[in-house]
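Biologist: I am new to this structure, and I would like to understand the terms used for it. Could you show it to me before we begin?

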Amino acid sequence: MTRLYAILLVLALLAPAASGQPLNSVVEAYVWGDQPTAASYAPAAAYSYNASGGTNTVVRTDVGRYTLTLGGIPDIRNGNRGNVQVSAYGSNAVCMTGGFGGAPFIIRVICRAPVTDAFVDSQYTVLFTRSGGTSPLTAYAFANRPERESPYAPNAVASHNAGGGSILAGQVSSAFRITFPGFAPPSAIDVSGIVLLTGGGTTATGGSARCGLIAYSTRTDGTLVVDNQCNGVDGAPLIARHSVLFLKGETADGGPAFGYTHANDRTAASYTPPANRTFSQNGGAVTAERVSQGRYRVTFAGLGGSGTF
């Protein structure tokens with residue numbers, strides 16, 4: 001089965017954000033956890049963002065287990081708890097969320113070794129988004145009951161559909177499918193934007209799933225369809241909780257500057273990713289390169305500065 005990979009890059013701007021712009025209501029926080037063995041620390045300001053202006057702090061609770069506290073961020077905003085995406089950074093570990101929410105708002109991060117499945121210390125990045133109303137930028141869902149074969153409504157407080165339709169999730173053949181009815185205009189067969197996905201577990205038993213995107217598209221009725229699959233350490237399909245986020249950029253966005261791309265060619269030495277699944281806020285060129293087997297580099301021209309992805 002073909003595996004796709006996507007890059008989301010979020011960069012902080014020095015200039016104040018324009019008021020009322022949609023991105024300000026979407027990105028709540030991001031962090032680069034760059035000190036995997038430190039007992040506790042405040043991430044570097046250049047690679048950390050908090051929409052409330054509060055302090056982000058990290059505590060290492062055990063090997064490969066971390067608690068990120070977002071000072072000043074409410075548990076519920078606009079009736080929604082939001083979406084969390086976690087990725088390992090600078091290692092081959094598998095990192096994911098072990099749960100989030102509460103007051104103060106915390107995000108638990110789990111990192112495991114790729115072969116032994118043991119907990120392992122690793123750097124990681126966290127992106128926390130939250131939306132409400134009909135923001136055109138986002139759709140997300142937390143598949144909290146992946147064992148269900150028939151479609152079900154995922155956790156409502158951790159799900160959002162700008163199209164207003166009822167989100168459904170469930171097993172379809174060898175994949176797990178999440179649908180967002182009415183998200184795109186009718187006949188928008190290949191909606192622009194990007195999909196991110198992370199596994200979800202608990203600090204006691206979770207974290208063993210490797211969840212990946214298979215494909216995403218829109219139907220003629222405007223339904224956004226996201227197919228994915230989770231596998232265990234042995235490569236066999238595994239039923240596991242996971243979190244999906246769809247994000248679309250607009251050149252008028254305020255808040256933190258950002259860019260993303262869907263790098264869809266695993267073997268090309270260098271290429272330009274598909275335009276409808278690539279975005280750079282400053283309009284600069286985006287290129288993808290294969291550095292070596294399993295290693296890639298994505299360049300966003302002119303989108304320099306500090307941030308995290």
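Modeller: What follows is a conversation about how certain words come to be applied to this predicted model.

Biologist: What makes up the chain in terms of helices and strands, and how much of it counts as buried?

Modeller: The chain has zero helices and 24 strands, and of its 309 residues 50% count as buried. The chain exposes about 13,000 Å², of which carbon and sulfur atoms supply 53%. Among contacts between residues at least 6 apart in sequence, 61% join residues at least 24 apart.

Biologist: Why is Q281 called buried?

Modeller: The relative accessibility of Q281 is 15%, and buried means under 20%, so Q281 counts as buried. This residue lies in the loop between β21 (278-280) and β22. Its C-alpha is 6.0 Å from that of G259, although Q281 and G259 are 22 residues apart in sequence.

Biologist: How do you know that N231 is buried, and what makes its link to Q229 a polar contact?

Modeller: N231, which lies in strand β17, has a relative accessible area of 11%, and the limit for buried is under 20%, so N231 is buried. As for Q229, its side chain and the side chain of N231 make their contact at 3.4 Å; a polar contact needs a pair of N or O atoms within 3.5 Å, so the value of 3.4 Å meets that limit. The side chain of N231 also reaches the backbone oxygen of G235, at 2.9 Å.

Biologist: What makes strand β11 mostly covered, and which way do its residues point?

Modeller: Strand β11 comprises residues 138-143, and six of its six residues are buried. T138, Y140 and F142 point one way, whereas A139, A141 and A143 point the other way, and all are buried.

Biologist: How do you know that β11 pairs with β18 and with β12?

Modeller: Two strands pair if there are at least two bridges between them. Six bridges join β11 to β18 (residues 242-247), and two bridges join β11 to β12 (residues 160-161), so both cases satisfy the requirement. β11 runs antiparallel to β18, and β11 and β12 are likewise antiparallel. In β18 the bridge partner of F142 is S243, while in β12 the bridge partner of Y140 is H160.

Biologist: Why are β20 and β23 said to stand at the edges of their sheet?

Modeller: The sheet is an open one of three strands in the order β20-β22-β23, with antiparallel pairing. β20 (270-271) and β23 (295-300) each have a single partner strand, so one side of each is left without a neighbour in the sheet. Two bridges join β20 to β22 (residues 286-292), and the partner of Y271 in β22 is A288.

Biologist: Which residues touch the most other members of the largest nonpolar core, and which strands supply it?

Modeller: That core has 29 residues, and I178, F180 and V226 touch the most other members. Among the strands that each supply at least two residues of this core are β11, β14 (175-180), β16 (210-218) and β19 (257-263). Leaving aside neighbours within four places in sequence, I178 is in contact with residues including A141, A143, I167, L224, V226 and V244. Another core, of 20 residues, lies apart from the largest one, and its members include A38, A93, C111 and F128.

Definitions and conventions:
Residues are numbered from 1 along each chain as its sequence is written. This is a predicted model: local features need pLDDT of at least 70, side-chain atom pairs count only at pLDDT 80 or more; totals for chains, interfaces and linings use all residues. Side-chain values use heavy atoms; hydrogens and water are left out. Helices (H or I, at least four residues) and strands (E, at least two) are DSSP runs, numbered from the N terminus. Buried means under 20% relative accessible area, exposed over 50%, partly exposed in between (1.4 Å probe, protein chains only). A nonpolar core is a set of buried Ala, Val, Leu, Ile, Met, Phe, Trp, Tyr and Cys residues joined through side-chain atoms within 4.5 Å. Contact means heavy atoms within 4.5 Å. Accessible areas come from the Shrake-Rupley method with a 1.4 Å probe; for residues, only the protein chains shown count as cover. A polar contact is a pair of N or O atoms within 3.5 Å; within protein, one must be able to donate a hydrogen and the other to accept it, and residues adjacent in sequence count only if both atoms are side-chain atoms.
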